[in-house]
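Work through the exercises below with the sequence and the model open side by side. Try each task before reading its solution.

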Amino acid sequence: MIKTLFVSNDVQLSKKMITELKTSEYSVTVQTENKTDICHLTEYELVVVDFESLKNDNFICEMIDDNINCPIIAVLPEGELGIKSIIDCGIEDYIEKPFKK
């Protein structure tokens, strides 16, 4: 199982992500922006961040710079114009909402 952290303030999206990732054999921990413990981020193999639900995008960029050495995927609203700035801060890739199967 891939140990995954999902950072989001959106409770409904978090529940959907847990369900989907667990069916693909990911071990998922969900944390909100305010509860993310930067000290423990090194234990994850993948970090997925819902940028739309966060109040402070810089929080993630600062967190990435100092503490994460694994792939990071951003979840963005469809047509998000800030993709370049998010990728510039260390995000490897992104997926757009709404999700399609």
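**Exercise 1.** How many bridges join S3 to S4, and do the two strands run parallel or antiparallel?

Solution. The model is predicted: local features need pLDDT of at least 70, side-chain atom pairs count only at pLDDT 80 or more, and totals for chains, interfaces and linings use all residues. Residues are numbered from 1 along each chain as its sequence is written, and side-chain values use heavy atoms, with hydrogens and water left out.

Step 1. Strands here are DSSP runs (E, at least two residues), as are helices (H or I, at least four), numbered from the N terminus. Two strands pair if DSSP finds at least two bridges between them.

Step 2. S3 and S4 are joined by four bridges and run parallel. Across this pair, Val47 stands opposite Ile72 in S4.

**Exercise 2.** Place the strands in their sheet.

Step 1. S4 is also joined to S5 (residues 93–97), by five bridges and in parallel; Ala74 has Tyr94 of S5 as its bridge partner.

Step 2. S1 and S2 form a parallel pair with six bridges, and Ile2 is matched with Tyr26 in S2.

Step 3. The result is an open sheet of five strands in the order S2-S1-S3-S4-S5, with parallel pairing. Its edge strands are S2 (26–31) and S5, each pairing on one side only. On average, neighbouring strands are turned by 20° against each other, direction ignored. Such angles are taken between N-to-C directions, run from 0 to 180 degrees, and use lines fitted to C-alpha atoms, for helices over the stretch in contact.

Step 4. H1 packs on the sheet and touches S1, S2, S3 and S5, its direction making about 165° with that of S2. Contact means heavy atoms within 4.5 Å.

**Exercise 3.** Is Ser14 of H1 buried or exposed?

Step 1. Ser14 lies in H1 (residues 11–23).

Step 2. Buried means under 20% relative accessible area, exposed over 50%, and partly exposed in between (1.4 Å probe, protein chains only). Ser14 counts as buried because its relative accessibility is 6%.

Step 3. Beyond its neighbours within four places in sequence, Ser14 contacts Phe6, Ser8 and Val30.

**Exercise 4.** Which strand gives the most residues to the largest nonpolar core?

Step 1. A nonpolar core is a set of buried Ala, Val, Leu, Ile, Met, Phe, Trp, Tyr and Cys residues joined through side-chain atoms within 4.5 Å.

Step 2. The largest core has 13 residues, of which Leu5, Val47, Val49 and Phe51 touch the most other members. S1 (2–7), S3 (46–50) and S4 (72–77) each give two or more residues.

Step 3. S4 gives the most, with three. Five of the six residues of S4 are buried.
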